[in-house]
Amino acid sequence: MKYSMKNKNSGSKLDNGGPPAMDYVGIDRFRIAAAVMVIAIHTSPLLSFSKAGDMVLTGILARVAVPFFFMATGFFLFQGGGANSFSYMKFLRKNMLLYGAAILLFLPLSIYAGHFNQSPFLPELLKDIVFNGTFYHLWYFPAVMLGVGVVVILQRYLRFQTAFTISFVLYLVGLLGDSYYGFSSQAPFIREVYHILFQCFDYTRNGLFFTPVYLMLGIFLSKRKPLPLSQCIPGLSVSLSLLLAEGLLLHYFSAPRHDSMYLMLPVTMYFLFQLLLLPKGQAVKTRRTVSLLIYLIHPWCIVLVRGFAKVIKAQEAIVHNSIIFFLAVTALSVFLAAAAGYLWERRKAGKTCRKGRAWAEISRSRLRHNLTQLESALPENCRAMAVVKADAYGHGAVAVAAELQATGVKAFAVASLEEGIQLRKNGIRGTILIMGCTHPQNAVHLIRYRLVQTVVDHDYAIALNRELASGFKHRKAEVHIKIDTGMHRLGEGCDHLKQISDMFQLPNLKISGMYTHLCAADSRLEEDVRFTGRQIECFYQVAEYLKGLGAHLPALHLQSSYGILNYPELRCDFARIGIALYGAMSQEDDRTKVSVDLKPVMSIRARISVIKKLSENETVGYGRQFKADRQMRIATVSIGYADGIPRNLSGGRVLINGMAAPIIGRICMDQLTVDITHIPGVGPGDIATIMGQDGKEKITPEQLARGAGTITNELFSRLGSRLERIYL
Ligand SMILES: *Cc1c(COP(=O)(O)O)cnc(C)c1O
């Protein structure tokens, strides 16, 4: 059945977010074991019976646990595409949240343990937060964040082998300050170096020296086939024995300052991890959450078990018997973690699958790519004003503006007051220009939300000024004056110089910009080029006139997407870029003077709901418009004109399994039908691509728009609100 939303193997190309990880049950199971090993390290289960036995268990063998977690992180995080296929910022945000929550969770214990009594207070606190963790087990979070950061940087600038070597050298440096410190500190110079290092952190077991090599090992294994069982077992046996020997020797000589790092540990991990990769099957998703929770809460369980034993006066039986103590702590940790994990998963299960029916995938990296491309085409001193009207041409105004803001865009344009308010309320800073007309009665909102209003002509300027003067005597509204240079839509005529200069006298308007719109900038026809030339000339004449009056010239802008691609030489302060940002031209065969490499930001996909066989002469859909002239197989796709797929689409097709399937019959409000006779192996739950790439085939926005006899601008802006927007 193809309904598995996880899209485990085959569908993963369309399910960029879903980790194919879930198939590795061995890794999955070992997570719990590793978490229990960490409990063992912190409770010393064998201590009451044999000191040596405890040392072997907690000082050597259980030390595979944390490297295992790092390797799993590396293995899944970068799987497939290397460092640029994942967002470090997102990873950082998630782990910071977790770390923050963990710090709070352990705050009472940290205070009790005197963690915050150290002096000097701030430097020590900083050390704890960045390296040591504010409680003894919490070093893991900063270590994984720093480690992944190091690996991202290494991978970006260096070849894999070099990056790996560096991470290993870092590990060696850490090693000499860890279990080999007894030897290495014999040399005065080395002791001096570590003396300095240990002022920055308490252990070398941290994100700089310890984590990177295991992350790299994980990445390395994600790129190749694991060794067969016949090599894993001997490899693991030999390396584990050597690890044991190494650990015993080091402890015999009392060399370890701390016992996290051994020379044989990465080798052991290399074999162990591959062994764990071998079993495949249906993984239990909660194990990840549960193992993390066990790790997170077990120190609290240690305290609770101790406290409980004290209250019932059973310290002798529970706390002083190390194995009972370990078992009690483990049982409590596992129970609490499993309960919390269960509740968490149940909460998640209550949510609907966002790729259940029809959705638009929106690629942030492509948006950024297009911006960079377009910025390179901008005239000197001209900045991009991102046009995000009509919900960013259907791409989601808040998400698009936030992404662009994060990459440095400081000016945005919308069509209406409400669109401007929506952006402000969602944290968009900088200039937000409303390009349409706002009713003067709404002037209060312009000021409240610091929006820049377009003055659509002289009369409007008077009305807006009057409204402001009556309501907010001391507040000015920021405006850009629109000049009509021949489009005859909005703006004061460019020959009405007196009316234009009069606007500058209005006391309640702060004029920070002046602009016009070119209405034939897309055309390379001689007549249109001449017309556009006159528009441009007319606009600059207004500017010259104002300058002549001694006015301080506000910011000027006149190009939109086609404007900058066909008239890249104009002097201006902003370019109002819309459609090109989204990676499309309005029409398919448009050629421009400057050509930039644009990539469509959006893909549209939908699920197949039903497959049917059709005999000759049977018909499909409303009005029986399509009639089969042979035996056929058809599929119903869950997307229709209410989602924005134009009903008049002619010659339309979708892509299934990388092959084109023609749309047959009329497109309905909520579904459409396609011919899949020639495509083998299609089943319900499979994904159809209406726009975008599938395998080697793709359907561009321009093709889809042409099929509907329109331009991409209209196609995008009419996408239905029920089409789920998914940001990649
Ligand atoms: C929509 C709009 C733009 C953006 O146009 P694109 O062709 O999508 O780049 C620019 N200026 C004004 C006035 C607009 O209305």
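Arg364 is partly exposed in this predicted model, with a relative accessible area of 28%. Its partner is a different story: Glu403 comes out at 13% relative accessibility, so Glu403 counts as buried. The side chains of Arg364 and Glu403 meet in a salt bridge, with 3.1 Å from N to O. This pair ties together distant parts of the chain, since Arg364 sits in helix 17 (residues 364-377) and Glu403 in helix 19 (residues 397-406), 39 residues apart.

Opposites can attract here: side chains of opposite charge can pair when their charged atoms come close. Another such pair is Asp202 and Lys127, whose side chains form a salt bridge at 4.0 Å, N to O. Again the link joins distant parts of the chain, with the two positions 75 residues apart: Lys127 belongs to helix 6 (residues 121-132), while Asp202 lies in the loop between helix 10 (188-200) and helix 11 (211-222). Lys127 has a relative accessible area of 14%, which means that Lys127 is buried. Asp202, at 32%, is partly exposed.

Then there is Arg630, which forms a salt bridge with Asp629. The closest N and O atoms of this pair are 3.3 Å apart. Asp629 has a relative accessible area of 57% and is therefore exposed, whereas Arg630, at 38% relative accessibility, counts as partly exposed.

Salt bridges can also join up into a group. Arg357, Asp643, Asp670 and Arg722 are linked in a network of them. Over the whole model, the count comes to 19 salt bridges, including the pairs Arg364 with Glu403, Asp202 with Lys127 and Arg630 with Asp629.

Notes:
Residues numbered from 1 in each chain as written. Predicted model: local features only at pLDDT ≥ 70, side-chain atom pairs only at ≥ 80, totals over all residues. Heavy atoms only, no water. Helix = DSSP H or I, 4+ residues; strand = E, 2+ residues; numbered from the N terminus. Buried < 20%, exposed > 50% of the residue type's maximum accessible area, 1.4 Å probe, protein only.
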